Amino acid sequence: MKLFISADIEGTAGVVNWKETEPGDQYAYFAGQMTKEVAAACEGALAGGVAEILVRDAHDSARNLNPAAMPRPVRLLRGWTGGPASMMDGLDTTFQAAAMTGYHTCAGSTGNPLAHTMNLGVEKAVLNGMPCSEFTINAMYAAYLGVPVVFISGDRMVCEMAREFCPGITTVATSEGLGGGSVGLHPQEATEQIRGQMEQAIRRFRQQQEAGEPLDGRIALPEHFSMEICYREHKKAYTASFYPGAVRTGAKSVAFEAGDYMDVLRFVMFCM
C-alpha cells in the first residue's frame, strides 16, 4: 500500500504566530514539532501496513521538514515544482490513500489565529457554495485522481470541516483557536495521538479494501465547479479578472466556473 502525506505547519500543535512559521524567532522549535508530527504519522501508517510513503513538505519554502527524522521507508518531496498540484505535488493514481498533517482552517474563519487559504492576500474563498480551505482544494484534487483522504491533523475547525466533507476520515485536533490565540495539545500528546490514530485509520482502510466495502475518505466530485475569490485588495481582483474565464463580481472579487477540476487548479495557481 502506498500513502501520500501533505504536511503544513499552521495546524501544528502550539503554533499561534506567523513568526513561528518562518525562519527566525522560534521557527526552529516549531519546524521541529512539525517534523515530529509528520514522522509520527509515518510511523503510524507503517505500523498499520503501509509499505511506501511519499511526504510532500507543503509549507512556505517547502523546506521545513528534517529528512533525517523521517522513518527509513519515507521519501520526501522538498521545494516547489511550480505545477498546479502545489501542496499535493507527487500524488498520482498509484497511491491508495492520502493524508494531511498540520492543516488549518480557511480564510475568513475563526478556528485558527493564522487561518488563511493559500496566501494572506485572500480574504475569503468559496467553492461550490462552501468556504474553501486548502484542505478542500487538496482533497478535491485527491478525489480527481481517485485517491481517498483517510486522515488529517490540524486545528479543531478544519478537522470538523473535514469530517463533513470526507465521511469516515480520521482526525486529530492539535489545537483550537480562541480569538487571536490558540489552545494546543502538549506536543508529545499530539504526536502520540497522530501516530495512534493514523495506524487505526490505515488498518480500517485496509480492512475495507479487503472486504470490498465503501472506503473511508472517498468523495465524489461534482460535475461542475464554481469558485469565487474575495481579495483583501481591489488591485488583485482587477489583475485576476484578466485570467481566461474569470469574471469580476465586485470591487475585490472574481468568479470562475469550470467542468474539469484541473481547470480550477489552474485558476487557483494563477489567481490565488
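This presentation describes the sheets, helix contacts and internal spaces of one protein chain. The structure is a predicted model, and every value I quote is computed from it.

I begin with the sheets. Seven strands make up an open sheet of mixed pairing, in the order E3-E2-E1-E4-E7-E8-E9. At its edges stand strand E3, residues 74–77, and E9; each has a single partner strand, so one side of each has no neighbour in the sheet. From one strand to the next, the twist averages 20°.

Two pairings in this sheet deserve attention. Strand E4, residues 97–103, and strand E7, residues 149–155, run parallel and are joined by 4 bridges. Here Tyr103 stands opposite Gly154 in E7. By contrast, strand E8, residues 170–178, pairs with strand E9, residues 181–184, in the antiparallel sense, again over 4 bridges. Leu178 has Gly181 in E9 as its bridge partner. The hairpin of E8 and E9 has 2 residues between the strands, and Gly179 there takes a positive phi near 60°.

There is also an open sheet of 5 strands, with the order E6-E5-E10-E12-E11 and antiparallel pairing. Its edge strands are E6, at 130–131, and E11, at 247–250, each of which pairs on one side only. E11 is joined to strand E12, residues 253–258, by 3 bridges in the antiparallel sense. Within that pairing, Gly250 has Ser253 in E12 as its bridge partner.

I turn now to the helices and how they lie on these strands. Helix H2 lies across E4 and E7, and runs at about 170° to E4. Helix H3 lies across E4, E7 and E8, at about 155° to E7. Helix H6 lies across strand E5 (122–127), strand E10 (225–231) and E12, and its direction is at about 10° to E10. Strands E5, E10 and E12 belong to the sheet of 5 strands, whereas E4, E7 and E8 belong to the sheet of 7.

Which residues bring H2 and H3 together? From H2, residues 134–144, and H3, residues 156–165, the packing angle is about 35°, with the axes 10 Å apart. The crossing of these two helices is right-handed. On the H2 side the participants are Phe135, Thr136, Ala139 and Met140, and they meet Val158, Ala162 and Phe165 of H3. This contact comprises 6 nonpolar residues, 1 polar residue and no charged ones.

H2 also meets H6. The axes of H2 and H6 come within 10 Å and cross at roughly 145°, and this crossing is left-handed. H2 contributes Thr136, Ile137, Met140, Tyr141 and Tyr144, while H6 contributes Tyr261, Met262, Leu265 and Val268. By class, the contact of H2 with H6 has 8 nonpolar residues, 1 polar and no charged. Thr136 and Met140 thus appear in the contact with H3 and in the contact with H6.

The last topic is empty space. Rolling a probe the size of a water molecule over the atoms shows where such space is left. How many cavities of 30 Å³ or more are there? The count comes to 1, and the largest cavity has a volume of about 40 Å³. Its lining consists of Ala139, Ala142, Ala143, Gly146, Val147, Pro148, Val149, Cys166, Gly217, Arg218 and Ile219. Of the elements, H2 gives the most to this lining, with 3 residues. By class, the cavity lining has 8 nonpolar, 2 polar and 1 charged residues. Ala139 of H2, which takes part in the contact with H3, is therefore found in the cavity lining as well. The largest pocket holds about 620 Å³ of space. Its lining is made of 30 residues, and Asp60, Trp80, Ser86, Met118 and Asn119 lie nearest the centre. H2 and helix H6, at 261–271, are the elements that give two or more residues to this lining. Which element gives the most to the lining of the largest pocket? That element is H2, with 4 residues. The pocket lining divides into 15 nonpolar, 9 polar and 6 charged residues.

To close, I return to H2. This helix packs against H3, crosses H6, and gives the most to the linings of the largest cavity and of the largest pocket.

Key: Residues are numbered from 1 along each chain as its sequence is written. This is a predicted model: local features need pLDDT of at least 70, side-chain atom pairs count only at pLDDT 80 or more; totals for chains, interfaces and linings use all residues. Side-chain values use heavy atoms; hydrogens and water are left out. Axes are lines fitted to C-alpha atoms, for helices over the stretch in contact, and angles run from 0 to 180 degrees between N-to-C directions. A crossing is left-handed if the near helix is turned anticlockwise from the far one by less than a right angle, and right-handed if clockwise. Contact means heavy atoms within 4.5 Å. Ala, Val, Leu, Ile, Met, Phe, Trp, Tyr, Cys and Pro count as nonpolar, Asp, Glu, Lys and Arg as charged, and the others, Gly among them, as polar. On a 1 Å grid over the protein atoms alone, a cavity is a set of points where a 1.4 Å probe fits but cannot get out, and a pocket is an open set with protein on both sides within 12 Å along at least five of seven lines; lining residues have an atom within 4 Å of a point. Grid points are joined across faces, edges and corners, and a volume is the space filled by probe spheres set on the points. Two strands pair if DSSP finds at least two bridges between them.
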